[in-house]
Amino acid sequence: MTMQLGRLPVRRSDILLADEDTGSLLIDTELGTTHRLNPAARAVWELCDGTTTLGELVDAICQVFAVPHEVARRDVATTLEQLQHAGLVSWSSPDRTDH
Amino acid sequence: MSDPTTVVLAEQRSLFREAVAESLQYDHGVVVAVCTDDVSSTILQADRVSADVVVIFKSLAQSLPAFCHRLHQLDPPPRILVADSHPDEEALLDAIEAGADGYSSGASGMQGLADAITAISRGESVVPPTMLGPLLRGLIERQRTAAQAAERLVSLTPREREVLALLVDGLDQRGIADVLVISPDTVRTHLQRLLRKMEVRSRAEAVALVARTGLSDRLERIVEGSAS
């Protein structure tokens with residue numbers, strides 16, 4: 001997958017999120033599959049709301065974790081790529097543009 | 001073997017403070033070098049003991065931005081952990097925006113606090129896992145609000161920006177009139193116009209918007225730019 005310029009990530013609304021002591025799970029009830037998330041991936045999942053741009057997400061992560069912008073951008077892109085590959089996230093047409 | 005972490009624990013309530021310090025030390029192996037009960041003594045003691053971590057409980061978090069700013073100016077600057085008694089998304093957001101390196105929600109008890117101190121002393125940023133998403137969303141929303149406010153600021157005339165800057169400095173209508181050598185009625189007209197342009201209902205709301213969105217510096221630059 002490549003980052004889809006001008007498009008916004010949207011999570012599937014029928015996926016269940018369950019928090020456990022050891023991490024979080026996304027449960028695809030349609031396929032009967034589960035996907036384990038670390039805390040950062042869980043946060044990215046939550047922000048795949050169809051309004052948040054990749055740039056906004058990366059800026060916020062940089063502010064919290066004090067990591068270089070490029071590192072955060074690469075990590076977010078990798079997470080989104082994995083979520084999309086698993087069929088959990090798609091890309092919407094935006095009202096807002098990425099920056 | 002690595003040096004032990006030097007911890008300063010800042011909390012107003014003495015009984016609670018002593019209990020937390022004892023539990024950290026005897027139950028969890030985290031030695032609290034000194035306990036403090038206000039901002040000034042915390043700065044002094046953190047500097048004196050070269051604190052690695054300063055734990056600020058919520059009772060002392062009212063002036064958190066200034067508190068964190070002063071701690072960051074120490075050499076070396078300590079890491080800052082804000083400790084709460086229950087998960088509070090707004091408090092977490094305020095802590096991170098103020099410059100804290102982490103937030104302990106109290107949900108995992110003393111062990112959670114001890115773990116947070118250890119992690120933060122290693123240079124990690126500490127945020128409760130289930131609160132990270134709401135935190136990022138809150139930061140993004142505040143950033144959007146700031147961007148909108150900045151756009152509105154640009155629409156002000158140079159004189160209106162001067163009036164706003166003086167309002168932010170705490171001057172009332174007459175004080176602004178004295179500084180700008182104009183009549184109080186003219187100041188009132190400027191204020192009415194700038195409140196309308198900023199889409200706020202009161203002077204207090206205008207000041208709060210400038211403070212909340214971090215536009216004070218920008219306002220100062222705009223005023224300096226228009227004056228030169």
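## Close-up views of chains A and B

**Pro76(B) lies in the loop between helix H3 (64-72) and strand E4 of chain B.** Helices (H or I, at least four residues) and strands (E, at least two) are DSSP runs, numbered from the N terminus. The peptide bond that leads from Asp75(B) into Pro76(B) is cis, and its omega is near 0°. As a reminder, most peptide bonds are trans. Everything shown here is a predicted model, in which local features need pLDDT of at least 70 and side-chain atom pairs count only at pLDDT 80 or more, while totals for chains, interfaces and linings use all residues. Residues are numbered from 1 along each chain as its sequence is written, and chains are lettered from A and ligands numbered from 1 in the order in which they are written.

**Chain B combines 11 helices with 5 strands.** Along the principal axes, the C-alpha atoms of chain B fill a box of roughly 65 × 35 × 30 Å. Of the 228 residues in chain B, 33% are buried. Buried here means that 20 or more other C-beta atoms lie within 10 Å of the residue's own; exposed means 12 or fewer, partly exposed is in between, and C-beta atoms are placed from the backbone. Among the contacts in chain B with a separation of 6 or more, 63% join residues 24 or more positions apart. Two residues are in contact if their C-beta atoms, placed from the backbone, lie within 7 Å.

**Strands E1 (residues 7-10) and E2 (residues 32-36) of chain B run parallel, joined by 4 bridges.** Strands pair if DSSP finds at least two bridges between them. If you are tracing the pairing, look for Ala10(B), which stands opposite Thr36(B) in E2(B). Between E1(B) and E2(B) the chain passes through helix H1 (residues 14-28) of chain B, and this β-α-β crossover is right-handed. That is, with the strands pointing away from the viewer, the path from the first strand over the helix to the second runs clockwise.

**Helix H5 (residues 109-121) of chain B turns one side inward, with its buried residues covering an arc of only 125° around the axis.** With 13 residues, H5(B) reaches 19 Å from its first C-alpha to its last, close to the 18 Å expected at 1.5 Å a residue. The expected span is 1.5 Å times one less than the number of residues. The buried residues of H5(B) are Leu113(B), Ala116(B), Ile117(B), Ile120(B) and Ser121(B). These residues lie on the same side of H5(B) because their arc around the axis is only 125°; the arc is that of the directions from the helix axis to the C-beta atoms. Their packing partners in chain B are E1, strand E3 (53-57), strand E4 (79-83) and strand E5 (102-104). Just after H5(B) comes Gly123(B), whose phi is positive, about 100°.

**Helix H7 (residues 158-168) of chain B holds several buried residues.** They are Arg161(B), Glu162(B), Val163(B), Leu164(B), Leu166(B) and Leu167(B). Gly170(B), just after H7(B), takes a positive phi of about 100°.

**Glu199(B) is a residue other than glycine with a positive phi, near 60°.** Its place is the loop between helix H9 (184-198) and helix H10 (203-212) of chain B. Glu199(B) counts as exposed because it has 12 C-beta neighbours inside 10 Å.

**Chain A follows the pattern β-β-β-β-α-α-α-β along its sequence.** This comes to 3 helices and 5 strands. Of the 99 residues in chain A, 28% are buried. Residues 24 or more positions apart supply 57% of the chain A contacts with a separation of 6 or more.

**Where the chains meet, 17 residues of chain A are in contact with 13 residues of chain B.** On the chain A side, helix H1 (39-46) and helix H2 (54-65) are the elements that give two or more residues. H2(A) gives the most to this side, with 8 residues.

**Ala66(A) lies in the loop between H2 and H3 of chain A.** Although Ala66(A) is not a glycine, its phi is positive, about 50°. Ala66(A) has 11 C-beta neighbours inside 10 Å and so counts as exposed.

**Gly87(A) sits in the loop between helix H3 (69-85) and strand E5 (89-92) of chain A.** With 14 C-beta neighbours inside 10 Å, Gly87(A) counts as partly exposed. Do look for Arg12(A) here too: Gly87(A) and Arg12(A) are 75 residues apart in sequence, yet 8.2 Å apart in space, C-alpha to C-alpha.
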